[in-house]
Amino acid sequence: FFCNVSHFQTERAQQRAEASKKQLEADLSALSKRESSLSDDLSSMESKHLGLVSEVASLEERQRMLQRECSSSERLLEARNEERQRIRENLETTRVQLSTASSELHAAKSTLQEVENELSIVQ
């Protein structure tokens with residue numbers, strides 16, 4: 001009887017061990033699939049990361065180029081504004097000279113008229 005009980009207990013233990021082994025194998029297989037999936041995800045993320053790094057580098061270069069263009073445009077605008085200011089100053093000087101010349105011409109015409117009047121009186 002004890003032999004049967006012991007044999008039964010051994011058989012039960014073997015069945016539990018087999019069931020545990022099968023469960024562990026199933027768990028190991030699931031973990032292996034999960035590891036493979038995670039490895040694929042990691043590869044995909046690394047690839048995306050490299051693409052983003054490249055895109056960032058390209059955008060940074062574009063930003064530097066646009067900053068250079070902006071600086072160049074600002075310098076050109078400043079030079080044009082300075083030229084406009086010189087033109088305004090020259091225009092004002094010309095206006096003053098024109099006003100002075102106009103006054104001198106008016107005075108000369110008046111003098112000429114007086115001289116002509118005196119000549120006509122003399123004649």
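**Entry 1: E61 and its partners**

I looked up E61, and at 37% relative accessibility it counts as partly exposed. For this label I used the usual cut-offs: buried is under 20% relative accessible area, exposed is over 50%, and partly exposed lies in between, with a 1.4 Å probe and protein chains only. The model is predicted, so I noted that local features need pLDDT of at least 70, that side-chain atom pairs count only at pLDDT 80 or more, and that totals for chains, interfaces and linings use all residues. Residues are numbered from 1 along each chain as its sequence is written, and side-chain values use heavy atoms, with hydrogens and water left out.

Which residue forms a salt bridge with E61 at 2.9 Å between the closest N and O atoms? I found R64 there. A salt bridge here is a side-chain nitrogen of Lys or Arg within 4 Å of a carboxyl oxygen of Asp or Glu. R64 is partly exposed, at 39% relative accessible area. Both R64 and E61 sit in helix α1 (residues 2-122), three residues apart, or about one turn of the helix. Helices are DSSP runs of H or I with at least four residues, strands are runs of E with at least two, and both are numbered from the N terminus.

I then checked R68, whose side chain also meets that of E61 in a salt bridge, at 3.7 Å from N to O. R68 has a relative accessible area of 48% and is partly exposed.

**Entry 2: R95 and E92**

Next I looked up R95 and E92, whose side chains meet in a salt bridge at 3.8 Å, N to O. They are three residues apart in helix α1, so about one helical turn separates them. E92 is partly exposed, at 43%. Going back to the earlier group, I noted that salt bridges with shared partners join E61, R64 and R68 into one network. The structure holds four salt bridges. Side chains of opposite charge can pair when their charged atoms come close.

**Entry 3: the whole chain**

How many helices and strands does the protein chain have? I counted one helix and zero strands. The C-alpha trace spans about 175 × 20 × 15 Å along its principal axes. The radius of gyration is 52 Å, while a compact globule of 123 residues would have one near 14 Å. That radius is taken over C-alpha atoms, and the globule rule is 2.2 Å times the number of residues to the power 0.38. Buried residues make up 0% of the 123 residues.

For charges, I counted Lys and Arg as positive and Asp and Glu as negative, leaving out His and the chain ends. I placed each charge at NZ of Lys, CZ of Arg, CG of Asp or CD of Glu. The mean positions of the 17 positive and 22 negative charges are 11 Å apart.

**Entry 4: distances along the chain**

I looked up R84, which is in helix α1 and partly exposed at 45%. Its C-alpha atom is 80 Å from that of S29, with their positions 55 residues apart along the chain. Q123 lies in the segment after α1 and is exposed, at 80% relative accessible area. Q123 and S72 are 51 residues apart in sequence and 74 Å apart in space, C-alpha to C-alpha.
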